[in-house]
Amino acid sequence: MQLKKVTLHYSPIDDRIRMSAELEDGGYLVLWLTLRFCRLLVSTLCRRIEDTVSRQAVFDRDFLLSFRQRAAEWQHQPAAPVSPHDGVVRSVLPERLKASFSSRSVVLKFYIGTEQVARMSLSHTELRQWLGVLYRMFQKAKWPLDTWPEWFTLSDCSRN
């Protein structure tokens with residue numbers, strides 16, 4: 001299953017993030033993301049982003065990572081949310097995640113059961129934008145922010 005467009009929403013009743021996805025084939029899928037799953041997701045993706053910046057960088061590494069994060073979020077153009085139709089939605093809890101990085105994109109694979117995979121392809125800028133939205137969901141949920149690296153929290157525009 002290829003995810004075309006996603007919307008994140010924190011559900012206080014479930015204490016989970018609801019990721020509503022429009023599929024390329026026109027269907028809908030809802031992935032429920034737990035705190036444990038999100039912490040794994042954040043640490044995996046942020047660690048890979050950190051690997052894109054040389055440890056020998058002329059500029060302060062955290063500053064450079066923070067600047068790139070903020071620049072990506074400023075480019076984000078809000079779109080209409082994904083609104084699955086009742087009765088046509090499959091709702092699942094992903095069991096594991098695999099992230100594949102290339103020079104042009106990132107592919108996130110959400111494993112559902114033993115045989116199904118929901119794939120989401122993002123450019124590096126879209127990945128940073130998506131992480132920015134996920135960070136705001138953590139804040140809304142009042143989940144611990146200790147998983148997020150310092151460079152990411154430096155780019156938090158909501159603090160200004």
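**Exercise 1. In this predicted model, find which residue forms a salt bridge with Glu-22, and state where in the chain the two partners lie.**

Solution. Begin at the side chain of Glu-22, which forms a salt bridge with Lys-4, and note that the closest N and O atoms of the pair are 3.7 Å apart. Because a salt bridge requires a side-chain nitrogen of Lys or Arg within 4 Å of a carboxyl oxygen of Asp or Glu, this pair satisfies the rule. Next, place both residues: Glu-22 belongs to strand S2 (residues 16–23) and Lys-4 to strand S1 (residues 2–11), with their positions 18 residues apart in the numbering, so that distant parts of the chain are linked. Finally, consider the surroundings of Lys-4, which counts as exposed at 56% relative accessibility.

**Exercise 2. Work out how many salt bridges the rule gives, and which parts of the chain are tied together by Arg-39 and Asp-146.**

Solution. The count comes to two salt bridges. One of them joins Arg-39 to Asp-146, with 2.9 Å between the closest N and O atoms. Arg-39 sits in helix H1 (residues 35–50), whereas Asp-146 sits in the loop between H3 and helix H4 (150–154), so the pair ties together parts that are 107 residues apart in sequence. As for accessibility, Arg-39 is partly exposed, at a relative accessible area of 28%, while Asp-146 counts as exposed at 57%.

**Exercise 3. Compare the span of H1 with the expected value, and name some of its buried residues.**

Solution. First take the length: H1 has 16 residues, and from its first C-alpha to its last it reaches 22 Å, close to the 22 Å expected at 1.5 Å a residue. Then turn to burial, where the buried residues of H1 include Phe-37, Cys-38, Leu-41, Val-42 and Leu-45.

**Exercise 4. Determine which helix gives the largest share of the largest nonpolar core, and follow the contacts of Leu-134.**

Solution. The largest nonpolar core has 40 residues, among which Leu-108, Trp-130 and Leu-134 touch the most other members. Its largest share, nine residues, comes from helix H3 (residues 124–141). This helix has 18 residues and reaches 26 Å between its first and last C-alpha, close to the 26 Å expected, and its buried residues include Trp-130, Leu-131, Val-133 and Leu-134. When residues up to four places away in sequence are not counted, Leu-134 touches Leu-8, Ile-17, Cys-38, Leu-41, Val-42 and Trp-148. Among these partners, Cys-38, Leu-41 and Val-42 are buried residues of H1. After H3 comes Lys-142, whose phi is positive, near 60°.

Terms used:
Residues numbered from 1 in each chain as written. Predicted model: local features only at pLDDT ≥ 70, side-chain atom pairs only at ≥ 80, totals over all residues. Heavy atoms only, no water. Core = buried A, V, L, I, M, F, W, Y, C linked by side-chain atoms within 4.5 Å. Buried < 20%, exposed > 50% of the residue type's maximum accessible area, 1.4 Å probe, protein only. Helix = DSSP H or I, 4+ residues; strand = E, 2+ residues; numbered from the N terminus. Contact = heavy atoms within 4.5 Å. Expected span 1.5 Å × (residues − 1).
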